[in-house]
Amino acid sequence: MSKEKLLLWTLAAINFIHIVDFMILMPLGPQLMRIFEISPQEFGLLVSSYTFSAGVSSFFGAFLLDRFDRKKILLWVYVGFTVSTLGCALSPSYPVLLIARILSGLFGGLTSALILAIIGDVIPDSRRGRAMGLVMAAFSVASVLGVPLGLFLASLSDWHTPFFILTGLSIISLGMIIRFIPSISDHLGQEVERPRPLLVIRRVTGNPNQMRAITLSVMMMFGQFMIIPFLSPYTVANVGFTELQLTYIYMAGGAFTIFTSPWVGKLSDKYGKVKVFTVFMLLNIIPIAIITHLGVTPIPFVLMVSTMFFVTSNGRYIPAAAIVTGTANPENRGSFLSFNSAVQQMATGLASLIAGIIIGESATGELTNFNVVGYIAIACSLICIPLVRRVKIVS
């Protein structure tokens, strides 16, 4: 296997663990709400606390990432992430888990920006779509293997188990970083004087193209993360699934996206990233509209709709990630992507928080107003279509 492939597989492994760490909390929602006796608003805070802290760390990381060798900074970040994940596994109560999630987010928030920066530095634009497809396939594997297995083990034992397993996998991936990711420091020689924080902010906010890319990221997050955190609690409370049957949703959706992710990456390189993004964004609106209006529904129909949701969500993200990455030059790519990641994480947390405020709970335990959340998500998704056409790839 080539060095480039080993590097991409290592990044995919890191992405897998990071995504499972973030995603596993959402399907565990029904169990956590029952065990800790918390409301939808408190659960929304638990989800958004991770993304808010990730946003804060990504913001400050924007001033630091381009000052260091990519490999060295990734190692430091991932050690912190591993320790924080162990803290989640050992949490005995809701307040302690909330603190542990905040710490996990502080380190996890930098991971996505570093992965994109490494791909941007090592892989040329002509192959970047395929590289993104491979690394982002980690989302699919996380859905089909990581999250369902975590849910299954949690149903057999308790919710702590998935986090212990993630800690072990994080230790293994640290070894992969050391062995398969080379020193990446070419960007250090492209600018003698590193910019001060205010200059980094002015660079991004003063660049209309990069601001359009950031706005695109924000609208995409609102279009998805008003729905995703409450998908599992709604499916249990309103649609009639058991907590164990939730694994079917993630297994079916993930199984399909394992195959569609590399395919979408190739389509993006062949037919154009904007065109592929537009098609998948339009298709994504269909399952959002259906999911947020479901009542008690047969399992096969729910699986069909939820699978379409996962496939189209993943399909719009792959070309979008390649487009956003290409709006920055190598010498400030890490700063821009970290800044973008910060805003993206903040938008994710805000979307979860707003959804938690809108969603209520009836006397019978059903969640209410999920349809309202769906309308807002659809509106945000539609805004992305004209917006992406105004974002230009420069590198």
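## Exercises on local geometry and contacts

At 70% relative accessibility, E37 counts as exposed; exposed means over 50% relative accessible area, buried under 20%, and partly exposed in between (1.4 Å probe, protein chains only). The structure is a predicted model, in which local features need pLDDT of at least 70 and side-chain atom pairs count only at pLDDT 80 or more, while totals for chains, interfaces and linings use all residues. Residues are numbered from 1 along each chain as its sequence is written, and side-chain values use heavy atoms, with hydrogens and water left out.

### Exercise 1. Positive phi

Determine the phi of E37 and of N369, and place each residue in the chain.

*Solution.*
- Step 1: E37 is not a glycine, yet its phi is positive, at about 55°.
- Step 2: The loop that holds E37 runs between α2 (29-35) and α3 (40-61). Helices (H or I, at least four residues) and strands (E, at least two) are DSSP runs, numbered from the N terminus.
- Step 3: N369, also a residue other than glycine, has a positive phi near 70°.
- Step 4: Strand β2 (367-368) and helix α15 (370-388) flank the loop of N369. N369 is partly exposed, with a relative accessible area of 37%.

### Exercise 2. Disulfides

How many disulfides does the structure hold?

*Solution.*
- Step 1: A disulfide is a covalent bond between the sulfur atoms of two cysteines. The criterion applied is a pair of cysteine sulfur atoms within 2.5 Å.
- Step 2: For the sulfur of C384, the closest cysteine sulfur belongs to C380, and it lies 7.6 Å away, so the two are too far apart for a bond.
- Step 3: The relative accessible area of C384 is 0%, so C384 is buried; C88 is likewise buried, at 0%.
- Result: the structure holds zero disulfides.

### Exercise 3. Salt bridges

State the count of salt bridges, and describe the pairs of R101 and K273.

*Solution.*
- Step 1: Side chains of opposite charge can pair when their charged atoms come close. The rule asks for a side-chain nitrogen of Lys or Arg within 4 Å of a carboxyl oxygen of Asp or Glu.
- Step 2: The count under this rule is two salt bridges.
- Step 3: One of them joins the side chains of R101 and D21, at 3.5 Å from N to O. This pair links distant parts of the chain, 80 residues apart, with R101 in helix α5 (residues 94-122) and D21 in helix α1 (residues 3-23). R101 and D21 are both buried.
- Step 4: K273 and D269 also meet through their side chains in a salt bridge, at 3.6 Å from N to O. K273 is buried, with a relative accessible area of 12%, whereas D269 is partly exposed, at 22%.

### Exercise 4. A nonpolar surface patch

Which residues form a nonpolar patch on the surface, and which element gives the largest share?

*Solution.*
- Step 1: Patches are made of residues with over 30% relative accessible area and no salt bridge; like charges are joined within 9 Å, and nonpolar side chains (Val, Leu, Ile, Met, Phe, Trp, Tyr) within 5 Å.
- Step 2: The residues of the patch are V279, L283, I286, I290, F301 and M304, with about 490 Å² of accessible area together. Two or more residues of the nonpolar patch come from each of α12 (273-291) and α13 (299-325). Accessible areas come from the Shrake-Rupley method with a 1.4 Å probe; for residues, only the protein chains shown count as cover.
- Step 3: Helix α12 gives the largest share, four residues.
- Step 4: M304 belongs to helix α13, and its relative accessibility of 54% makes it exposed.

### Exercise 5. Contacts beyond the local sequence

Identify what N238, L353 and G150 touch, leaving aside residues up to four places away in sequence.

*Solution.*
- Step 1: Contact means heavy atoms within 4.5 Å.
- Step 2: N238, in helix α10 (residues 231-239), is in contact with G295, V296, E366 and L367. A polar atom of the N238 side chain lies 2.9 Å from the backbone oxygen of L367. N238 is buried, at 9% relative accessible area.
- Step 3: L353, in helix α14 (residues 333-358), touches L45, S48 and F52. The C-alpha atoms of L353 and E42 are separated by 9.1 Å, although their positions lie 311 residues apart along the chain.
- Step 4: G150, in helix α6 (residues 125-156), touches I24 and P162. G150 counts as buried, at 7% relative accessibility.

Terms used. A polar contact is a pair of N or O atoms within 3.5 Å; within protein, one must be able to donate a hydrogen and the other to accept it, and residues adjacent in sequence count only if both atoms are side-chain atoms.
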